[in-house]
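Visitor: I have not looked at this one before. Can you take me through it?
Guide: Yes, here it is.

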Number of protein chains: 2
Amino acid sequence: MAGLRERQKAKRNRSILTAASALFGQVGYEAARIDAIAEAAEVSVGTFYNYFENKADLLLAIVSMEVEEVLHQGEAVVAAPPATAEAALFALISTYYDHSLVYLTKEMWRTAMALSIQHPETPFSRRYFELDAALAEQVTALLRGLQARGTIRRDADAAALGAVIFADLNAMFTGFTMDETMPLATLTGRMAAHVAALTGLLAPPLRPLPAG
Amino acid sequence: MAGLRERQKAKRNRSILTAASALFGQVGYEAARIDAIAEAAEVSVGTFYNYFENKADLLLAIVSMEVEEVLHQGEAVVAAPPATAEAALFALISTYYDHSLVYLTKEMWRTAMALSIQHPETPFSRRYFELDAALAEQVTALLRGLQARGTIRRDADAAALGAVIFADLNAMFTGFTMDETMPLATLTGRMAAHVAALTGLLAPPLRPLPAG
DNA sequence: GAAAAAAATTGAACGCATTCATTTTTTCAG
DNA sequence: CTGAAAAAATGAATGCGTTCAATTTTTTTC
């Protein structure tokens, strides 16, 4: 049996996270005051800081959930990619984009990106870039799979190109979060153009390259 | 003759910017207190806000100077690029990187990037991304020049690839500013690897493509 | 050159995230 | 069950960017 203390801790933790999540959704991250979150969670401000290191810590919890789900979905695409390189990259990146607004608003994404850049020595930043690296690795894995299958040229540097593609999809996503009026379709369309430009360069030579 | 008021205004403006720049360099942007800047500039806090909209505004002035100089230097590279695509891209991007720490510290760069992402409707953000766009445009211009000269394949989408390459060099630069121990040489080396991977794909076909 | 008008300066006050000394609650030994 | 020790909760205080009503300085008008 879990002790009283332990049970109360878990309940409060959940309560704070729920209250914060709701407030973030309603008024945005920046406008959500700590006292308001504490009050909604029926907890004092001091107690809030007993459970979370700071306001950003709340955001991190939500971002982690989001990216973990997206990584999971991405695995399926990497395991069984569409036939062409263009379709495969498009499918993977669309998976990322389409999921992006499930738990987070654009403003929350912006805040997360800003915090992760500004304070690199922070647990927030470390975790955020860990997640980023996992996504980039997934793009690279897709490229490797396409190479193994002969869909794209085998002499391309998959790791470097995976990083390049991830940097680009990330930059476009940043642009998306920075324009509150941009629909997801616009983002997807732009991404498609870049994917087309890149896959245009990745077609394998008609005859296999001589070994060595 | 300029009136007394006008002369004093110019003097104060300079004084504040000089004081801020010095303090940023000494203790960093975040640790530089507005009262300290005001005091060093021999001005009250209220007056500071009469001359600059906020703390970020000071940073913007310095960032603008930095990027404008780099754009100017970049023009020379675009006007007379090295012989190979790899050398040309390397030269342009090195120009950017090598200049980057002249006026700004890594911490100042991080802050600038974070602010520009977090508050997109701000003059800071608008200006920052204007400068970014100008840099990306310069990369595209270089690619176009290389296409015109036949150094890289003419059927590549220069605008899309310019954007992709800029996003990537930007992401690597962000990584550089986030690691206080990383020397410029490491950044340059990583960039070289990505440039090699990309230019490997950009070589023109041995025979010119048929028209149309 | 004095008085009125315009512009600029000033520092105390405000909002908000975070900290910390004090109080309350829970656990546990006997 | 009791009292001491440990853990957690609390809200007033702090630090810092920014605002604003009151004051001072400069310009203009006659």
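**How the copies are related**

Visitor: Which rotation superposes chain A on chain B?
Guide: In this predicted model, a turn of 180° with 0.0 Å of shift along its axis puts chain A on chain B, with an RMSD of 0.1 Å. The fit is by least squares on C-alpha atoms of residues with pLDDT of at least 70 in both copies.

Visitor: What relation is that?
Guide: That is the relation of a two-fold axis. In chain A, A:A114 has the C-alpha nearest the axis, 2.0 Å from it.

Visitor: And numbering, cut-offs?
Guide: Residues count from 1 along each chain as written, chains are lettered from A and ligands numbered from 1 in written order. Local features need pLDDT of at least 70 and side-chain atom pairs 80 or more, while totals for chains, interfaces and linings use all residues.

Visitor: How many residues does each chain give to the contact?
Guide: Chain A gives 25 residues and chain B 25 residues, where contact means C-beta atoms, placed from the backbone, within 7 Å.

Visitor: Which element of chain A has the largest share?
Guide: α8(A), with ten residues; elements here are DSSP runs numbered from the N terminus, helices (H or I) of at least four residues and strands (E) of at least two.

Visitor: New topic: which residues are closest to DNA strand D?
Guide: A:S44, A:G46, A:T47, B:G3 and B:N54, out of 19 that surround DNA strand D, near meaning a C-beta atom, placed from the backbone, within 6 Å. α3(A) supplies the largest share of that surface, four residues.

Terms used: Contact = placed C-beta atoms within 7 Å.
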